[in-house]
Amino acid sequence: MKYLDEYRDARLARALIAGLAKRVTRSWVLMEICGGQTHTLMRYGIDELVPPQIELVHGPGCPVCVTALETIDKAIHIASLPTVTLVSYGDMLRVPGSHSDLFHVRAAGGDVRITYSPMEALKVARAKPDRKLVFLGIGFETTAPANAMAVWQAAREGLGNFSMLASHFLVPPAIRMLLESPKNRVQGFIAPGHVCTVMGYRQYEELSRIYHVPIVVGGFEPVDLLEAISMLVAQLEHGRAQVENQYVRSVGYEGNRPAQELMEKVFEVCDRKWRGIGVIPQSGLRLRGEFAAYDAEKVFGVGDTSAEEPAECISALVLQGLKKPVDCPAFAVRCTPETPLGAPMVSGEGACAAYYQYRRPAQEVREVRVASKSGTFPEGEQDH
Ligand code: SF4
């Protein structure tokens, strides 16, 4: 398939790995921001195929993982109301709140539904005017335009029974937070290609310049990521710190201006709490005042709440690249996809779920290396 097979080509992958081995002279710590990229790295065993001097750590780019515990608790409270139909993406239903999750609300008789798009939520609102339809809209800059469109369209139609519990995050302030942390280990970033498809990569130039850190916009297939890693290592080995774009087939410098304009009409930048990490200034989007009638926090009066994270979950350290999921004492013991203690074990993009799903014994890694000598880059198999 065009734009897919060539990015899973074993010969290209092998050449990139060989090039890395020749180029690298010292240890480097690199972080991919997006959880989708984390899963590709683990699924194809890239973290184990690159030279041992290159350490890959995993960033806070999984939206389900960083949605604050308070937001889940608010969603659970709202979904428990008898007049409400709450709609969200599938992963969100299993994310543990302080005492429960949305699946339990549904099991107890709550009207909680799964959707693949906010526009489907609008359809439900139109079809059921006697119900208060609440869309739990989470995500980074990638999903923000579609969620903005749903609110904008609801306002245009005067759809009085639709509102959104919004929890949107912005990538550049999170990178800034990581770089300003005294504990930071990351020396180069793979920026998320889908976010940059919307936002472009101009906004990363300031970060790269101020912190003298290379940033490469990367795609999601194994050859994409190997090429992005090669570009980062080339910069680091030569003492350069620039923004480069590996994902040229999707990302332009300015991004998608109409999508950005719609986001700006509906949302405004705000401080945002990231699960486990805490509040990062100016790192979120919230609905503008003129859309207050569609803001579920205001409609249901659930603005100010606080919640305690479970002490056992070290996801904050994992999402800042300070620990790996396997460093967590609960990993695969008390915390599994069936019994998750933290959101990174729930989400299809979570780092802990990726390690749980794709970690391989040493023998199997050797088999992957042999298999990758010909044909399409082998797909990872589930171990569990
Ligand atoms: S393995 Fe579970 S408890 Fe440990 S950091 Fe990951 S989500 Fe949290």
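I will go through the two sheets of this structure, the helices that lie on them, and the surroundings of the ligand, and please keep in mind that the model is predicted.

Let me begin with the mixed sheet, which is open and is formed by six strands in the order 4-3-5-6-11-10. At its edges stand strand 4, residues 111–114, and strand 10, residues 267–274, and because each of them has a single partner strand, one side of each is left without a neighbour in the sheet. From one strand to the next, the twist averages 25°.

Within this sheet, strand 3, residues 84–88, runs parallel to strand 5, residues 132–139, and four bridges join the two; if you want a place to look, Val87 stands opposite Phe135 in strand 5. Helix 5, residues 69–79, packs on this sheet and touches strands 3, 4, 5, 6 and 10, with its direction at about 170° to that of strand 6, which covers residues 162–169.

Now to the other sheet, which is also open, but in which five strands pair in the parallel sense, in the order 2-1-7-8-9. Here the edge strands are strand 2, residues 54–61, and strand 9, residues 243–245, each of which pairs on one side only. Neighbouring strands are turned against each other by 25° on average, with direction ignored. Strand 1, residues 28–34, is held in register with strand 2 by six bridges in the parallel sense, and Leu30 stands opposite Leu56 of strand 2.Which helix packs on this parallel sheet, touching strand 1, strand 2 and strand 7? That is helix 9, whose direction makes about 165° with that of strand 7, residues 188–192. Helix 9, residues 171–180, also lies across strand 6, strand 10 and strand 11 of the mixed sheet, running at about 175° to strand 11, which spans residues 278–287.

Finally, the ligand, which sits in the largest cavity. The residues around the ligand include four cysteines, Cys313, Cys328, Cys335 and Cys352, together with Ile314, Phe331, Leu341, Pro344 and Met345, and also Ser315 and Gly342. Taken by class, this shell divides into nine nonpolar residues and two polar ones, with no charged residue.

Key:
Residues are numbered from 1 along each chain as its sequence is written. This is a predicted model: local features need pLDDT of at least 70, side-chain atom pairs count only at pLDDT 80 or more; totals for chains, interfaces and linings use all residues. Side-chain values use heavy atoms; hydrogens and water are left out. A residue is near a molecule or strand if one of its heavy atoms lies within 4 Å of it. On a 1 Å grid over the protein atoms alone, a cavity is a set of points where a 1.4 Å probe fits but cannot get out, and a pocket is an open set with protein on both sides within 12 Å along at least five of seven lines; lining residues have an atom within 4 Å of a point. A molecule sits in a cavity or pocket if more than half of its atoms lie within 2 Å of its grid points. Ala, Val, Leu, Ile, Met, Phe, Trp, Tyr, Cys and Pro count as nonpolar, Asp, Glu, Lys and Arg as charged, and the others, Gly among them, as polar. Two strands pair if DSSP finds at least two bridges between them. Axes are lines fitted to C-alpha atoms, for helices over the stretch in contact, and angles run from 0 to 180 degrees between N-to-C directions. Contact means heavy atoms within 4.5 Å.
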